[in-house]
Amino acid sequence: MTSQASNRRQFFTVGAGSALALASVSTHAKSKSPAHGVVGTEHFVSRQVGDEKIRLFIWRKRLPRLSKKTHKGTILFVHGSSMAGTPVFDLQVPGKPQYSTMDHFARLGFDTWCLDNEGYGRSSKSRNINFDISNGADDLAAVTQYILEQTGETQLMLYGLSSGALKAALFAERFPDRVNRIALDAFVWTGEGSPTLENRRKRIGEWSGKNRRPIDQAMIQSIFTRDHPGTADADVVNAFADAILKLDSSVPTGSYVDMSINLPVCQPEKLKAPVMIMRGQFDGIASFKDLLNYFEKLPNPDKRFVVMPGIAHSSLHEKNLSIVYKVLESFFQQPAPVYVG
């Protein structure tokens, strides 16, 4: 494949009670990962909120010639509070191609997607709101409807990281028929016993009074030092920060406010799909007790609680990344049970 790969920008309108309209415009752009044949395409979804049309960016990566035999499913990756989707899930680090999660799972045979929630990256930022977790779940409703239309599938898999896990879980509660399996990484339920959230509450007055908060290199570096320094390589953290700051110099306050004073926002009894809770050994966003209380109430017997050694909050960018991948691969490729009792 040449360095210039055909990229397709697609636009899709979603409105309550309205017909779905689809148009496409062809363009050319550099593929983010031409060396191993994974192709990336840009897509845009619009959802109507009152008189305003919200535009959401979606990024898709896959091998171009997947057959029914080699296709292993469709995954939607959901980002957290302080960055858009592609820096998290399609991070390109010179000499370390493994840090693109989308490339990794695309090579395995998955059709991979991520989005920029409203207020982030290349999605709309115009509304005078703080883009909270519920609004993020609304974005997922529009995006998943589009993905299922494009792929012809009836369900997909979800992976959410940090507040992205909260958005993914809340969406799955609202649309259980669209979700096959869901992995919740760096998740929190009530916030009880969380040192990270205890520190955030000290600044809740600042964040409650505005819709956006500034981000910079120091703030992004702190994600990797606040719990347990040394879990990530400096070049990966620097590449991550650079990718984030190319898209945003500020991000919404909504998920910070929700996680500080409005938890719980999810109800485990309503989450019907198979669930995996992933908790880094050093992650300070949630206590083990908080997560185990949530896990106990999940109704589907197909559930896992996984502790990942040597990992803090941002698992996909740390030295023990291979552990994260193996955990996810096993969960997403688990066969359906033959006997269910």
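By buried I mean a residue with under 20% relative accessible area, and I will use the word in that sense as I go through this predicted model.

Let me start with helix 2, residues 101-108, where six of the eight residues are buried, so that the helix is largely enclosed by the rest of the structure. The buried residues are Thr-101, Met-102, Asp-103, His-104, Phe-105 and Ala-106, and what covers them includes strand 4 (52-62), strand 5 (73-78), helix 1 (85-89), strand 6 and helix 11 (321-332). Just after helix 2 comes Gly-109, which takes a positive phi of about 110 degrees.

That brings me to backbone geometry, where the general background is that most residues other than glycine have a negative phi, and most peptide bonds are trans. Phe-131, which is not a glycine, nevertheless has a positive phi of about 55 degrees, and it is found in the loop between strand 6 (110-116) and helix 3 (133-151). With a relative accessibility of 5%, below the 20% cut-off, Phe-131 counts as buried.

Ser-162, again not a glycine, has a positive phi of about 60 degrees, and its place is in the loop between strand 7 (156-161) and helix 4 (163-174). Ser-162 is buried too, its relative accessible area being 7%.

Finally, which peptide bond is cis? The one from Leu-263 to Pro-264 is, with omega near 0 degrees, and Pro-264 itself lies in the loop between helix 9 (254-261) and strand 11 (275-280).

How values were computed
Residues are numbered from 1 along each chain as its sequence is written. This is a predicted model: local features need pLDDT of at least 70, side-chain atom pairs count only at pLDDT 80 or more; totals for chains, interfaces and linings use all residues. Side-chain values use heavy atoms; hydrogens and water are left out. Helices (H or I, at least four residues) and strands (E, at least two) are DSSP runs, numbered from the N terminus. Buried means under 20% relative accessible area, exposed over 50%, partly exposed in between (1.4 Å probe, protein chains only). Contact means heavy atoms within 4.5 Å.
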